[in-house]
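Got the viewer open? Let's take a walk through this one, stop by stop.

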Amino acid sequence: MRKNLILFLCFIMYLSAQAQTNASSDSITQRELYLNFKPEFEKYEKLHGKYIQTDNVNMHYLEWGDKKNPTLVWIHGTYSNGYELYEIIDQLLKMNLHIIAIDYYGHGYTPIPQKNLSIYHVADDIKFLLDKMNIKKAIIGGWSRGGTITSAFYDAYPGMVQALILEDGGSVAWDYHVKSTDIVKDIEETKEYYTNKKPLVFDSEFDAYWFIYNNWGVKGKTNTKLKKDIFTSYARIKKNTNSKYEINPGAEELTGENSAEENIAIIYTPFTSKTAIGASTHQLNPKIIYRNLNKPLLIFDPISKYDWFDFKEENNKLATEHKSFIIHKVYEKTGHGVKDEHPNTVVNDIKAFLQNNKLIK
């Protein structure tokens, strides 16, 4: 019996050593990739990255394609940036589209403005950019909070919208699931979460990426999918005033997700929130915005136990109400990032949607 126990403990020690060896080997491989892709990224950014000074901010954006072609403006999700399109950009360009992917406040290379601005100010920034480019109408799309900003743009400037693409955001109010009976419990759980939350500050740029790699669903990816996440990480990670590295520094404060007080405020008492972009995200009501919908709308709706937001029922209601305008694409066994998990299917769905509405040939 004792011999068996010793053998078992030796086996556990062997597995532990193997895991550490594998992690160490993976770390070396990823470090090399992270360093080796940097010159290519910098060249790509120099070719496609641009800035425009709007009334609110010096906004960074990526641009591809001929301005004579139909324009697609893409708005990224929270803590992401315009590089989230990298994996599918070549396929989108084959549709003869002119594509703009903006970075909104505190994300990518767009700084956080001194003023307290809302998602509607981001919509104003996009209009400012389109006006400067002399683009009268565009296809507007976005992922997650980017979908919410897409809906805000339609609300503010419906005449400039040719069609809308919403990837798991913007078609349903974020807090429609909240029930009055659960508020006390939810607030207590939120407070507990922030009590245990630790600041994410790293000694090196790679250490910050290594955290993203292991905790944000990057581990296991290869080829273009991995390069997309590395490119997006280059634009996320910044050195702070203490010469340490952070992921999207200041963005959590901007969105109201840096403390229990603010997170509770943006949901339950938005008019008391210190951050307009966080509060305005949760105040947006698609049922009102789309009450008189008269533009084609494509909704990507992931369904699975890993999907953060169960919007299927509400999306069905909206699509039923506007049958002649809304295409509701349900992606089974899919998490929040639809185009990340199913890039080719998403591209094909976008192409069919735009062709059916005679926006591309």
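Before we start, one term: two strands count as paired if DSSP finds at least two bridges between them. Keep in mind, too, that this is a predicted model.

**Stop 1: the sheet**

Switch to a cartoon view and look for the open sheet of eight strands. Going across, the order is β1-β2-β4-β3-β5-β6-β9-β10, and the pairing is mixed. Color residues 49-53 and 326-332: these are β1 and β10, the edge strands, each pairing on one side only. From one strand to the next, the twist averages 20 degrees.

**Stop 2: from the β1 edge inward**

Select residues 58-64 next, which form β2. This strand pairs with β1 in the antiparallel sense, over five bridges. Click on Gly49: which residue of β2 is its bridge partner? That's Leu62. Stay on Leu62, because there is something on its other side to find. Leu62 also stands opposite Ala101 in β4. Strands β2 and β4 run antiparallel and are joined by four bridges.

**Stop 3: β4, covered on both faces**

Now pick residues 98-102, the strand β4. Are its residues mostly covered or mostly open? Mostly covered: five of its five residues are buried. Show the side chains and you'll find His98, Ile100 and Ile102 on one side, with Ile99 and Ala101 on the other. That fits a general pattern: in a regular strand the side chains alternate between the two faces of the sheet.

Add β3 (71-75) to the selection. β3 and β4 pair in the parallel sense over five bridges, and Ile75 has Ile102 as its bridge partner in β4.

**Stop 4: helices on the sheet**

Select residues 119-132 to bring up helix α4, which packs on the sheet. This helix touches β1, β2, β3, β4 and β5 (138-143), and its direction makes about 145 degrees with that of β4. Asp131 is part of α4 and counts as partly exposed, at 41% relative accessibility. If you like using the distance tool, try Asp131 to Lys38: their C-alpha atoms are separated by 33 Å, with the two residues 93 apart along the chain.

Next, choose residues 312-321, helix α13. It lies across β9 (297-303) and β10, running at about 155 degrees to β10.

**Stop 5: helix α7 and Tyr209**

Move on to residues 205-215, helix α7. Its buried residues are Glu205, Phe206, Ala208, Tyr209, Ile212 and Tyr213. Look down the axis of α7: these buried residues fall within an arc of 155 degrees, so they line one face of the helix. After α7 comes Gly217, with a positive phi near 80 degrees.

Center on Tyr209. Setting aside its neighbours within four places in sequence, Tyr209 is in contact with residues including Gln30, Tyr34, Val218 and Ile237.

**Stop 6: helix α15**

Select residues 343-356 for helix α15, which has 14 residues. From first C-alpha to last, α15 reaches 20 Å, close to the 20 Å expected at 1.5 Å a residue. Its buried residues are Pro343, Val346, Val347, Asp349, Ile350, Phe353 and Leu354. They cover an arc of only 165 degrees around the axis, which puts them on the same side of α15. Lys358 follows α15, and its phi is positive, near 55 degrees.

**Last stop: the cores**

Show Ile165, Tyr209 and Ile350 together: in the largest nonpolar core, which has 48 residues, they are the ones with the most contacts inside it. Then select Ala123, Leu129, Tyr290 and Ile299, which are among the 41 residues of a second, separate core. In soluble globular proteins, nonpolar side chains tend to be buried together.

Note on methods
Residues numbered from 1 in each chain as written. Predicted model: local features only at pLDDT ≥ 70, side-chain atom pairs only at ≥ 80, totals over all residues. Heavy atoms only, no water. Helix = DSSP H or I, 4+ residues; strand = E, 2+ residues; numbered from the N terminus. Axes fitted to C-alpha atoms, helices over the stretch in contact; angles between N-to-C directions. Contact = heavy atoms within 4.5 Å. Expected span 1.5 Å × (residues − 1). Buried < 20%, exposed > 50% of the residue type's maximum accessible area, 1.4 Å probe, protein only. Arc of directions from axis to C-beta. Core = buried A, V, L, I, M, F, W, Y, C linked by side-chain atoms within 4.5 Å.
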